[in-house]
Amino acid sequence: MLFNRRQILKSAAALTLLPLAARASNHVMVASETIQQLAPEGFDKTRVWSFGGSVPGTAIRVEQGARVQRMVDNQLSVPTSVHWHGIRIDNAMDGVPGVTQEAIPAGGSFEYDFVVPDAGTYWYHAHNRSVEQVARGLYGPLIVQEADAPDVDQDLVLMLDDWRIDPETAQIADDFQKNGHDLSHAGRIGNLISVNGSFDPTIPVKRNERLRLRLINAANARIFDVGIQGLNGWIVALDGMPLENPVPISESFPLAPAQRADLLVDVDAVSEETASLVSVERDGAFGLAKFAVSGEISATVRPAPNPLPPNRLPDVSSFQSAPLHRMVLQGGAMRWLENARIGETELTGRELAQLGRFWALNGEAERPAEPFLKTSVDSIHRIEFVNETAFPHAMHLHGHHFRLVDGDGSLGPWRDTVLVDRGQTQQIVLMADNPGDWLLHCHMLGHAASGMMSWFRVA
Ligand code: C2O
Ligand code: CU
C-alpha cells in the first residue's frame, strides 16, 4: 500500500513530536471529554470536559519558587487555553487567546512553563470561551506550598462548583451564550452544587484535628456564602495571600467566583457527630461537605494559629498620592444600557442586546482596542470600581494582586478578585510591576462574555 501525502505528513509530524512524548508523563495534561458521576446516585453520569481525566483536573502541588511545566494536549474538538489564575506569572504564559497566545487548536498542544513566586491556593482554568469551557469542567487546583507550612493534620482542597444539569438526562444544559436572561442577570446559576466534582463528599476526621481547608470557587456565577458547623476556626489567607492576622470565623462569609479562602479549622464536634462546611442560602444552610467524626486525635485543641508566612509583595503604602482611575460598571437588567461602544461603533441598548451584549465598562461593551490603563513598570495606581448595576460583580485583574482600600481609607487584604456589590464603590491599589498586556474583567463568566471585559498595559 502506498502512503498518501497526508500519511507521509502525519509520520513526519510524529517524528518531530517524539522528544516531547519522551518527557515525563506528568508534564502532559490532556484536555478531553470524559464522564463522571456528578449528580446523586440513581442519576446517569454526566459528560464533562476535563484536564487530566476528571473534574476537578489534575491537582498541581509544588513548592514556592518552583518551575511548573505542563504540555497541554488538546484532545477536545474545540480550541482551548489554560489561565493560571492568581499566579503573578510571566505574561507569555497567561493563557489568554488573542492577547498572550493563540488558542490551542483541537488536536494541538502548547507548553506552559513558568515559576510560581507566591505560596498559596491558586487554580487554573480554560480561558477560551470560558463561559462554556469552565462550566463544562475545564479547571483544577494549583497549590503552592510554603517552605514553612503551618502544623495541620490534613491539608484539603475543596473546589466548589455549580452546574446546570438537565434533571432528565443528567447532562449539562448547553445554553451558555444563548440565554439572554442569564447574561443580563446574575449569570449562569446552576441547580447542582458539587465539591471536588462530587455531590455529597464525606471526609473522615478525628475530634480535635486541625484541618487546612483550601476553598476555591470555580462556579460560573454563584457567590457562596460559606459557613462552618461543628468546626472552629480562622480565615488565614484570601486569594492565596496570607492575612496579616488570622480572622476568627464567627459568621458566614462570601466567596465569589474565582476567589479562594484558606481556613484553619479545629474539629469541635464530638464523636459520631458530623461537622460540615455549608453554604447559607435564603431558605437555610445547604451542606457542601461533611466531616465524619470518629475518635479523637488528642484531648485538647492546638493554640490559636500564627499568621501564614508572608509572600514577598510590593510596598503600596504610599497609595494615597497614586493616580486614581475610575471604572464604571454599567448595564444589566433593571439598569439596561442606553448605549455603549463596540470598537469605534456606538450602539443602542437594543442593538447591543441583539448581539448578546448587556454590560459595559466605562461605556465599552467589548474589550477595547486601547487599554483602560497604560503604565510604566513599578508605578502605583488606584482603581475605583463604581458599580452602577443592580448586580454584584467579581472583578479580576490578571498578573497582579492588589490591596483593597477599606471604607476608612486604610489598606485591606491582598486579593486578585474583588466582589463589588450592587451600588457599591470599591477602591483598590496595585503596584504595576509585571510587564505585559493583562485582562481586567468580571469573573461572572457570562458577564465577561457579554461586555465586562477590559485590559491594562504595563510596559
Ligand atoms: Cu480566572 Cu481571566 O480569569
Ligand atoms: Cu459581573
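Me: Is histidine 447 buried or exposed in this predicted model?
Reply: Histidine 447 is buried, at 0% relative accessible area; buried means under 20%, exposed over 50% and partly exposed in between, with a 1.4 Å probe and protein chains only. The model is predicted, so local features need pLDDT of at least 70 and side-chain atom pairs pLDDT 80 or more, while totals for chains, interfaces and linings use all residues. Residues are numbered from 1 along each chain as its sequence is written, chains are lettered from A and ligands numbered from 1 in the order written, and side-chain values use heavy atoms, without hydrogens and water.

Me: Which residues are the protein donors of the copper ion (ligand 2)?
Reply: They are His393 (ND1), Cys442 (SG) and His447 (ND1), 2.0 to 2.1 Å from the ion. Donors are N, O and S atoms within 2.8 Å of the metal (3.2 Å for Na, K and Ca); water is not among the atoms, so sites may look incomplete.

Me: What spacing do those donors follow along the chain?
Reply: The spacing is H-x48-C-x4-H. Histidine 393 lies in strand β26 (residues 393-397) and histidine 447 in helix α5 (residues 445-449), 54 residues apart. Helices (H or I, at least four residues) and strands (E, at least two) are DSSP runs, numbered from the N terminus.

Me: Now alanine 256: where is its place?
Reply: Alanine 256 is in the loop between β16 (253-255) and β17 (260-267), and it is buried at 0% relative accessible area.

Me: What does alanine 256 touch?
Reply: Leaving aside residues up to four places away in sequence, alanine 256 touches Asn217, Ile223, Ala394 and Leu419, where contact means heavy atoms within 4.5 Å.
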